Amino acid sequence: MTITLELKNLSAKPIALTTADTSITIDGGKTAAVPLDVVRGAAFAEHLAAGELALSRAGLDALDPGARAAALEAVGDVILRVAPRFVAHHATLRAALASLEALRDRYNALHATAGKLLADARALAAGAETVVAAIELSDGAADAAVDAAEAARRAHLQALPKTPDELAAWYAEHRRLEAALAAATAAQAAARDAVARQLDATRADLVAAAAAFGRADPARDIGPQLTWGA
């Protein structure tokens with residue numbers, strides 16, 4: 001006796017099941033009795049795995065115990081052939097989701113840190129600006145001293161002595177002003193030679209930091225934390 005099982009075509013297209021001895025076509029949405037050797041074939045396994053064919057319980061219930069046992073064994077073999085692809089995909093999916101969730105948690109931890117840093121940056125903005133201003137002030141102070149000494153020397157040169165007695169005093173004052181200018185110039189050079197070189201190395205970074213601190217905005221810069229899957 002040929003054992004048959006009822007298969008239903010769940011798709012809208014005809015499905016052909018072919019073995020070396022049999023060829024059966026099931027129309028879309030229809031049910032057909034299919035020999036067990038066709039059920040054992042690769043074509044049925046692929047259509048079953050694709051969700052296009054389904055087994056009917058009615059076909060199994062109509063079989064006698066011996067035939068039902070043979071049919072269930074054949075169906076079990078088909079299931080064991082196709083099941084690994086779903087199990088493997090599920091395992092890969094779970095691993096990918098776990099990795100993504102770990103990245104989410106790591107992102108949220110970094111998000112909290114970055115949010116605090118941004119909030120602190122707003123509090124640091126005023127201080128950074130005053131430090132930048134202090135750099136500019138220190139540069140200007142040294143330059144101002146040189147400018148003042150040079151202006152005093154030029155003004156003295158315009159006030160030439162009118163008598164020989166005045167010449168000695170004028171010349172002494174001229175030497176003093178020349179010395180003051182030289183001292184101011186030397187001080188300016190010394191300041192720029194030591195501290196200013198270090199300040200120049202950090203000036204651009206400090207200016208950039210002050211500007212970034214002033215613009216710091218957690219809502220705009222990092223947005224909300226990730227909440228999916230939580």
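Visitor: Val 87: buried or exposed?
Guide: Val 87 is exposed in this predicted model. Its relative accessible area is 56%, and the cut-off for exposed is over 50%.

Visitor: Which element is Val 87 in?
Guide: Val 87 is in helix H4.

Visitor: How far is Val 87 from Ala 211?
Guide: Their C-alpha atoms are separated by 55 Å, with the two positions 124 residues apart along the chain.

Visitor: And Ala 148, where is that?
Guide: Ala 148 also has its place in helix H4. With a relative accessibility of 47%, Ala 148 counts as partly exposed.

Visitor: Why partly exposed rather than exposed?
Guide: Because 47% falls in the range between buried, under 20%, and exposed, over 50%.

Visitor: What is the C-alpha separation of Ala 148 and Ala 184?
Guide: It is 9.0 Å, for two residues 36 apart along the chain.

Visitor: Switching to the sheet. What is the strand order?
Guide: The order is S4-S1-S5, in an open sheet of three strands with antiparallel pairing. S4 (31-35) and S5 (53-55) are the edge strands; each has a single partner strand, so one side of each is left without a neighbour in the sheet. From one strand to the next, the twist averages 40°.

Visitor: How many bridges join S1 to S4?
Guide: Five, between S1, which is residues 4-9, and S4; the two run antiparallel. In that pairing Leu 5 stands opposite Val 34.

Visitor: And how many for S1 and S5?
Guide: Three bridges, again in the antiparallel sense. There Lys 8 stands opposite Ala 54 of S5.

Visitor: Which residues of S1 are on the covered face?
Guide: Leu 5, Leu 7 and Asn 9. The uncovered face of S1 has Thr 4, Glu 6 and Lys 8. In a regular strand, side chains alternate between the two faces of the sheet.

Visitor: What does Leu 5 touch, away from its sequence neighbours?
Guide: Leaving aside neighbours within four places in sequence, Leu 5 is in contact with Ala 32, Ala 33, Val 34, Leu 36, Val 39, Leu 55, Leu 60, Leu 63, Ala 71 and Val 75.

Visitor: How many residues are in the largest nonpolar core?
Guide: There are 24, and Leu 5 is among those with the most contacts inside the core, together with Leu 7, Leu 17, Ile 26, Val 34 and Val 39.

Visitor: Which elements give two or more residues to this core?
Guide: Strands S1, S2 (15-18), S3 (23-26) and S4, and helices H1 (36-39), H2 (42-49) and H4 (65-158). H4 has the largest share of the core, at six residues.

Visitor: What about S2, which face is covered?
Guide: The covered face of S2 has Ile 15 and Leu 17, while Ala 16 and Thr 18 are on the uncovered one.

Visitor: What joins S2 to S3?
Guide: A hairpin, through four residues. S2 and S3 run antiparallel and are joined by four bridges. Leu 17 of S2 stands opposite Ile 24 in S3.

Visitor: Now H2. Which of its residues are buried?
Guide: Phe 44, Ala 45, His 47 and Ala 49. Ala 43 lies in H2 as well, but is partly exposed, with a relative accessible area of 27%.

Visitor: How far apart are Ala 43 and Thr 19 in space?
Guide: 8.4 Å from C-alpha to C-alpha, with the two residues 24 apart in sequence.

Visitor: What follows H2?
Guide: Gly 51 follows H2, and its phi is positive, near 75°.

Visitor: Last topic, rings. How many aromatic pairs does the structure hold?
Guide: Zero.

Visitor: What sits over the ring of Trp 228?
Guide: The charged end of Arg 104, which is 5.4 Å from the centre of that ring.

Notes
Residues numbered from 1 in each chain as written. Predicted model: local features only at pLDDT ≥ 70, side-chain atom pairs only at ≥ 80, totals over all residues. Heavy atoms only, no water. Pairing = 2+ DSSP bridges. Axes fitted to C-alpha atoms, helices over the stretch in contact; angles between N-to-C directions. Phe/Tyr/Trp six-rings, centres within 6.5 Å; stacked < 30°, edge-to-face > 60°. Lys NZ or Arg CZ within 6 Å of the ring centre and 35° of its normal. Core = buried A, V, L, I, M, F, W, Y, C linked by side-chain atoms within 4.5 Å. Buried < 20%, exposed > 50% of the residue type's maximum accessible area, 1.4 Å probe, protein only. Contact = heavy atoms within 4.5 Å.
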